[in-house]
Amino acid sequence: MFTYYLQLALKSLRKTPFSTALMVIAIACGIGISMTALTLNHVRANNPIPEKSAQLFSLQLQASGKDSSWTTSDNVPLQITYQDAVNISRLLPEYNHTPMFKTSFAVRSLKPSFTPILKNARVTNRHFFSMFKLHFKYGSTWSKAVDENPANQVVIDEQLNQKLFGGGDHVGEQIYLNDEKFRIVGIIEHWQPAPKFYDLNNGAFDKAEQIFVPISLTTSTELNSSGNNNSWKNERVNTYKEKLASEMLWLQYWFELPNQQAQDKAEQVLDGYIAQQKKLGRYERDDARAELQNVVQWLAYRKVVDDDSNVLVGVSFLFLSVCLVNTIGLLLAKFLRSAPNVGVRRALGASKGQVFAQHLVEVGVLGFLGGLVGLIFAQIGLTILKTQFDGYDVLASMDLTMLFAAPVIAITATVLAGIYPAWRVCSTLPSIYLKTQ
Amino acid sequence: MFSISPIFNAMMRSKSSVMLIIMQIALTLAIVSNAAYIIHQRIHDMQRDTGIPEQQVIGFSMYFFDNQVDIIKQLQLDAQKLKTLPGVLEASAINSLPLSDGGSAWGVRNQLATDGVKNITTGAFVGDTDLVSSLGQTVSRGRNFTAEDMIYLVKGNEVPKVAIVTQALANALFPAQDALGKTFYSLDMPLQIVGIVDHMQGPWVHSSIVERNIFVPALSPGKFVNFAILAEKDQVNSVLANAQEFLLGLESRRVVSQPETVAKMKANSYQSDRLMTNMLFVIIVVLIFITALGIAGMTIFNVNRRQKQIGTRRALGASKANIIQYFITESAIISAVGIALGIILALVLNHYLMSYFKSTPLAIGYIIATILGIVVVINFSVYWPARKASLISPAIATRSV
């Protein structure tokens, strides 16, 4: 039956090429634009680490000045001080957690002919790799001893490995970071979480770092953050030592807390830490507290899906609705014109349901064609975005979900739109049309 | 020679298709007026006067990776040597570049006493003696920095004593007073205003403090430094092409980034706004196109369906103009209802958008302009099928099907 309806549908669509083309174009434009907007939104709303997003927690401390105000919705600063980072990293040894910040290095191989390249690096402890699920191609992270007693060891990403050495296993070899030699202990597979959830400060879709060095080096090598540095206190910070002891906020901090028990324990220990710092007189706010948020909560809190992107989706779906209203109008006109034929079919014994099904199949074919052309429109739109705007490579790419979603949305929307015209035509009385002719 | 009632009666015979066109017109009006308004706001922001000769100011960063380099000495030498390059008017080391979306902000206050203090956040440009002119600025009142003003933050015990401010910051710190010569504070450090720049936008284009900026004459030996060059208009490209290599020739123990004009940085900073305006613009154009085609399609359908009636009217003496008038009147009635509904929808949609953007309410001008546009488009798309209808021969009435 379905194939017969399909044949009827194709025949009917071919009979009115102008209105068929009009309907397909209308649906395709609606789908094309709304899918482009939805893709941008979908990538922003992506969960970058679904297996662990409920176990990784970012830490914030409400530890700034009495009258400090921050741009966050709960007025808690996004980053923490070096002092707090060091103190907290000594707590809770049973769980993995790490302070971190971004810095820059001029990187070169030992070959004198190699032109140095400026690269971002992540300063962190050895837990970073297991916490955020980075995979080692060669070697591994630095040892526990290095987290306590600094050594010039480095983990690099395979792309950088390619640039420095042309690929291959180079664990144990040395490279220059600035003017110091570092020994490579591990080479990771390329890693690019989108959004870059562990540090959203300088763009949620920035490139992940390709160099990782132990945070224990901070004091000896005087590493500075090349991300955000925020100050609230009236204090002079002239030397590096003063910076480390200051209330300047420049580090991020993440916990891995595998279960509820761990989360309760962490909260309890952090509360104890806050109370202690309050007692010491360092935390002056009455609402001093620690805030832990898992990846999903963190991304929502940081508004990675920004207002523009939401508004675009809203407007583009309104646009799709206009395209569908347009299609309903044209379908209604077309179906009612074929009402005399329907009358004959009904008189010859076709049931209401059969006529309805036949017309819905026709609508479905339209939706499918519109969805397909719409998907092409969307791909063209996304390609234009990628070429016209820097940094939209990640954002403007359809994943499998989107590729499947587009035609499904198109067909569903069109069939829903087609229900009314199909119902109208199947509920016509056969007698009227039999009489006039 | 026409009356509305027969047209109205005919319309009531196909209520659903009339309703659909009304809905389409209403939604189109709501979307187009709001989208046009958002586009206007973004373009307005992008086209604000930045006070900077964007095409002529070139910026880049450098990173000294060797501790042996005397960074301050090198920065001074760089500026001095760069000025010998053809096309370079001014050059200065600087902490951050305007319109680049990255920089440093200082908290400043008009007095040390807490009573009546004004705490203000401002963009801060810290650099060599020529930093103001390297950004293409002129000191409109007071004086520019001199070599005596320069502070070198090497030992950490010297602090800058003077600053130049933009007029917007001067107004914020000392409203209704002449700020020139006055002293303000950053932390407890007093800074005397020696000069005023009329107007220059700072690092963050989306910030409310974009017009508030200070210039401070100080150099520090940080590894990471920016550089600003003011180039002659017709030699910008050659400076862009040569600066990197030239500087590495002077000192190779550093990484120098590819120079860019401030215009390019500005374009990057406004990228999300351009995306928004482009997408909304496409939506508006396609929407109008689809609505026009839809209305034309429906009119063609009506014309075909009423061929016999039209023929009969023509046979009974109606002129061609009468027939055209009939369809135009019909569409006018439908449009009027659609537009009335669309105004309400536009305001509702605007209400939702305002909760997102905290923007001002939709200006009535946008609704009116959109209505005019829609009326033109509707008439245009109705006229052609209506004209076709008017050409239907009266003889058709006499034919039986």
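**Entry 1. Chain A overall**

What percentage of the 437 residues of chain A count as buried? I found 41% of them to be buried, a residue being buried if 20 or more other C-beta atoms lie within 10 Å of its own, exposed if 12 or fewer, and partly exposed in between, with C-beta atoms placed from the backbone. I note at the outset that this is a predicted model, in which local features need pLDDT of at least 70 and side-chain atom pairs count only at pLDDT 80 or more, while totals for chains, interfaces and linings use all residues. Residues are numbered from 1 along each chain as its sequence is written, and chains are lettered from A and ligands numbered from 1 in the order in which they are written.

I looked up the secondary structure of chain A and found 15 helices and 10 strands; helices (H or I, at least four residues) and strands (E, at least two) are DSSP runs, numbered from the N terminus. The C-alpha atoms of chain A fill a box of roughly 100 × 60 × 35 Å along the principal axes. I recorded a radius of gyration of 31 Å for chain A, where a compact globule of 437 residues would have one near 22 Å. This radius is taken over C-alpha atoms, and the globule rule is 2.2 Å times the number of residues to the power 0.38. Among the contacts in chain A with a separation of 6 or more, 79% join residues 24 or more positions apart; two residues are in contact if their C-beta atoms, placed from the backbone, lie within 7 Å.

**Entry 2. Chain B overall**

I then turned to chain B, which has 11 helices and 13 strands. Its C-alpha trace spans about 105 × 55 × 30 Å along the principal axes. The radius of gyration of chain B is 33 Å, against a value near 21 Å for a compact globule of 401 residues. Of the 401 residues in chain B, 43% are buried. Residues 24 or more positions apart supply 82% of the contacts in chain B with a separation of 6 or more.

**Entry 3. Where the chains meet**

I found 40 residues of chain B in contact with 40 residues of chain A. On the side of chain B that touches chain A, the elements giving two or more residues are helix 2 (15-46), helix 8 (271-305) and helix 10 (320-357) of chain B. Helix 8 of chain B gives the largest share, 17 residues. I sorted this side of chain B into 26 nonpolar, 12 polar and 2 charged residues; Ala, Val, Leu, Ile, Met, Phe, Trp, Tyr, Cys and Pro count as nonpolar, Asp, Glu, Lys and Arg as charged, and the others, Gly among them, as polar.

I next examined helix 2 of chain A against helix 8 of chain B, whose axes come within 11 Å and cross at roughly 160°. Axes are lines fitted to C-alpha atoms, for helices over the stretch in contact, and angles run from 0 to 180 degrees between N-to-C directions. The two helices are therefore roughly antiparallel (angles under 35 degrees count as roughly parallel, over 145 as roughly antiparallel, 65 to 115 as roughly perpendicular and the rest as oblique). Residues in this contact include A:Leu22, A:Cys29 and A:Ile33 of helix 2 of chain A and B:Val286, B:Ile290 and B:Leu293 of helix 8 of chain B. The contact divides into 11 nonpolar, 2 polar and no charged residues.

**Entry 4. Helix 2 within chain A**

I looked up helix 2 (residues 17-44) of chain A again, now with helix 14 (residues 400-426) of chain A; the axes come within 10 Å and cross at roughly 140°. These two helices are therefore oblique to each other. A:Ile27, A:Ile31, A:Met35, A:Thr39 and A:His42 in helix 2 of chain A meet A:Met402, A:Ala406, A:Ile409, A:Ala410 and A:Thr414 in helix 14 of chain A. I counted 7 nonpolar, 3 polar and no charged residues in this contact.

**Entry 5. Two loop residues of chain B**

Is B:Ser100 buried or exposed? I found B:Ser100 to be buried, because 21 other C-beta atoms lie within 10 Å. B:Ser100 is in the loop between strand 2 (88-94) and strand 3 (104-109) of chain B. Not counting residues up to four places away in sequence, B:Ser100 touches B:Gly59, B:Pro203, B:Met265 and B:Ser269.

B:Phe174 lies in the loop between helix 5 (167-173) and strand 8 (183-186) of chain B. I recorded B:Phe174 as partly exposed, with 17 C-beta neighbours inside 10 Å.
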